[in-house]
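Student: I have a model open and would like to go through it with you. Could we take it piece by piece?
Tutor: Gladly; here it is.
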Amino acid sequence: MTIDVVGVSKRFKSFNALDNVSLHVRSGELVALLGPSGSGKTTLLRIIAGLDWPDAGEVRFDGEDALARTVRDRNVGFVFQHYALFRHLSVFENVAFGLRVRTGKDKVPDAAIRARVSELLELVQIDWLADRYPGQLSGGQRQRVALARALAISPRVLLLDEPFGALDAKVRKELRRWLRHLHEELPVTSLLVTHDQEEALELADRVVVMGHGRIEQVGTPAEVYENPATAFVHDFIGETLALPAEVRAGRLYAGDRPLALDSQGTADGPARLLARPHDVDFADPGDAPFAGRVLAVRTFGPVRRADIEIAGRDGPVVVEAAVPLQQDLATGGLIGLLPRKYRVFAASA
Amino acid sequence: MGHGSVTAGRQSISFRRRSVIPGFGLTFGLTVTWLSLIVLIPLAALVLKTTELSFERFVAIVTAPRTLHALAVSFGISFAAALVNAVFGTLVMWALVRYDFPGRRLVDAIVDVPFALPTAVAGIALTALYAENGWIGSLLAPLGIKVAFTPLGILVALVFVGLPFVVRTVQPVLADLDKQYEEAAASLGASRGQTIWRVVLPTIWPALLTGFALAFARGIGEYGSVIFIAGNMPNVSEIAPLLIVVRLEEFRYADATAIAVVMLATSFILLFIINRLQQWTERRTTER
Ligand SMILES: Nc1ncnc2c1ncn2[C@@H]1O[C@H](COP(=O)(O)OP(=O)(O)OP(=O)(O)O)[C@@H](O)[C@H]1O
Ligand SMILES: [Mg+2]
């Protein structure tokens, strides 16, 4: 099922939680909504589910107006961040809930419910926990129950709000792979909210980067990482080494020194040169476009990082650079930085 | 649990488990001492007093028609009033928690009035209202409904004094219930009614039982407000506490205590059953 979000806006009092958001999700895709806290991810997901209504804009499932239908009739599986399992019901009854509430001609016979719930519990690999209560489960197990419960109604759209948010790193990784696998087995279009970029990049077909209630960029994990559309995306995805610069008459300057670097068509004014730390080489301070003093060097497994203080327009800035293992770097010494691959953005952006 | 102790599991003989919360001995000792001073010793004195009676005499007193009737009125109407409060108290509480209407805070404060009002004042006010020439009584009279000076009047008084118990015990539980449970139910296709019946009610059920038990207990012991509105006709609208007072005024102390002991035992058994029921429902929702 395709999902179309067209020009959706949502205000809470005077605060713009979503500002003219448009998004197209293809049938069978797994899309991750990625963004910092408060960027409107949950709000967007709730509007798609029918738990909230937008002030303006449209939501369409397979081209049909979804806003005309309530959450009850949208047939979406929603997995809540804190699972929201019914504490007074056993695992089995939690999963069966969506089938038990069907009445009249949609009523599901008891035997069919049993069969379906067993099948789902097997699918999420917790069939042996069927008689337990949610309070007796670990976080990862609760997560699986929440998923099985959402899947019981055979949803065509699966919405997950930070499904692994409360779990430790190891369990997350395991569940992540398992979710990807599950998504491929089921005829479902999935939308997953996360603020963990590793999770989004590893799991999703496409990533939607959100910031301040707007969509900053939509693309494959490789696209948003290699080719960030805005400085916000560059900063948010992956590590960023930001160097202060200025564009004057189309040329790039560091302080008063013109640089032999491309301004990439950025408008005149204060600018920021953004690069991945491993795309910045060390060089002789005299020849390099940027130079600074080494404040500290840290070794962390195979990675070495250096804090380098560089003169900026409004006083010194400290950047963190990746140091090749063979590089000699003395604390307190001067060192030059030479970006091999970089992007230039206006400083206000 | 089961930390190398004598036995394992729930059927442990030792009721003292290893725990991270210290002070078991001290708190247990304090509890027993306090309960003894305030509750157990007076009750024991009560029971002791009845031993002045021969067994035959005791049976004769408590099986006298007037006594039996008073007991039936007290327990029956208290139970009915607690039921009424469980239903309507829940509705009041629901409105207070879930809706923001003008005057909500005022209504919230009014709920506590039966706690604070001297019961005699409540009884006189209710009698004035429900008497045949009172505001409400005059409306009911043409319909042939008499409230004041009938058992129905007792019910009205007990509903009045019991209301805050239900509202105040259930209110915090509903207020704490995250709306995401209801959202989850709706997203799974449940109607509003199904959501309330299958998700919300089971969650507030233990608290509701507690509120019911408190309102019930209060009703059994209530005296002040009832005697004004009940009419106090023996074998019709006489409550057991009043009968006890009547016997005391006749200097028949042993008779009075015999009735009191029966009330005490019955209340205890009923409250114990409700308490177990409440624990059972609670264990199902908070099983760890
Ligand atoms: N019911 C509400 N009333 C008022 N403001 C709200 C409400 N819900 C959300 N907001 C505001 O809208 C903004 C977006 O919230 P949202 O929950 O969508 O963020 P998010 O991207 O999911 O963040 P997080 O990663 O922390 O979950 C936040 O600034 C939040 O304070
Ligand atoms: Mg959120």
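Student: How many residues lie between β1(A) and β2(A) in their hairpin?
Tutor: This is a predicted model, where local features need pLDDT of at least 70, side-chain atom pairs count only at pLDDT 80 or more, and totals for chains, interfaces and linings use all residues. Residues are numbered from 1 along each chain as its sequence is written, chains are lettered from A and ligands numbered from 1 in the order in which they are written, and side-chain values use heavy atoms, with hydrogens and water left out. In the turn, A:K13 has a positive phi of about 55°. The number of residues between β1(A) and β2(A) is two.

Student: How many bridges join strand β1 to strand β2 of chain A?
Tutor: Strands here are DSSP runs of E with at least two residues, helices are runs of H or I with at least four, and both are numbered from the N terminus. Two strands pair if DSSP finds at least two bridges between them. Strands β1 (residues 3-12) and β2 (residues 15-25) of chain A run antiparallel, and the number of bridges joining them is seven.

Student: Which residue in β2(A) stands opposite A:F12?
Tutor: Look at the hairpin that β1(A) and β2(A) form. Opposite A:F12, in β2(A), stands A:F15.

Student: Which element gives the most to the shell around ligand 1?
Tutor: A residue is near a molecule if one of its heavy atoms lies within 4 Å of it. Of the 13 residues around ligand 1, those that come nearest include A:K41, A:T42 and A:T43. Both β2 and α1 (41-49) of chain A supply at least two residues each. With three residues, the element that gives the most is α1(A).

Student: How far is a polar side-chain atom of A:T42 from an oxygen atom of ligand 1?
Tutor: Polar contacts with the ligand are pairs of N or O atoms within 3.5 Å. A polar backbone atom of A:G40 is 3.0 Å from a ligand 1 oxygen, and a polar side-chain atom of A:E162 lies 3.3 Å from one. For the side chain of A:T42, the distance is 2.6 Å.

Student: Why does the pair A:F86 and A:F97 count as tilted?
Tutor: Rings of Phe, Tyr and Trp (its six-membered ring) pair if their centres lie within 6.5 Å; planes under 30 degrees apart are stacked, over 60 edge-to-face, and the rest tilted. By this rule there are ten aromatic pairs over all chains. The centres of A:F86 and A:F97 are 4.6 Å apart, and the pair is tilted because the planes are at 45°.

Student: How many residues apart in sequence are the parts that A:F86 and A:F97 tie together?
Tutor: A:F86 lies in the loop between β6 (76-79) and α3 (91-100) of chain A, whereas A:F97 is in helix α3. Both are buried, meaning under 20% relative accessible area (exposed is over 50%, partly exposed in between; 1.4 Å probe, protein chains only). The separation of the parts they tie together is eleven residues.

Student: At what angle are the ring planes of A:F232 and A:F236?
Tutor: These two are four residues apart in helix α9 (residues 231-236) of chain A, about one helical turn. Their ring centres are 6.1 Å apart and the pair is stacked, because the planes are at 10°.

Student: How many of the ten residues of helix α12 of chain B are buried?
Tutor: Among the buried residues of α12(B) are B:L242, B:L243 and B:I244. Helix α12 (residues 240-249) is largely enclosed by the rest of the structure, because its buried residues number seven.

Note on methods: Polar contact = N/O pair within 3.5 Å; in protein donor to acceptor, adjacent residues only side chain to side chain.
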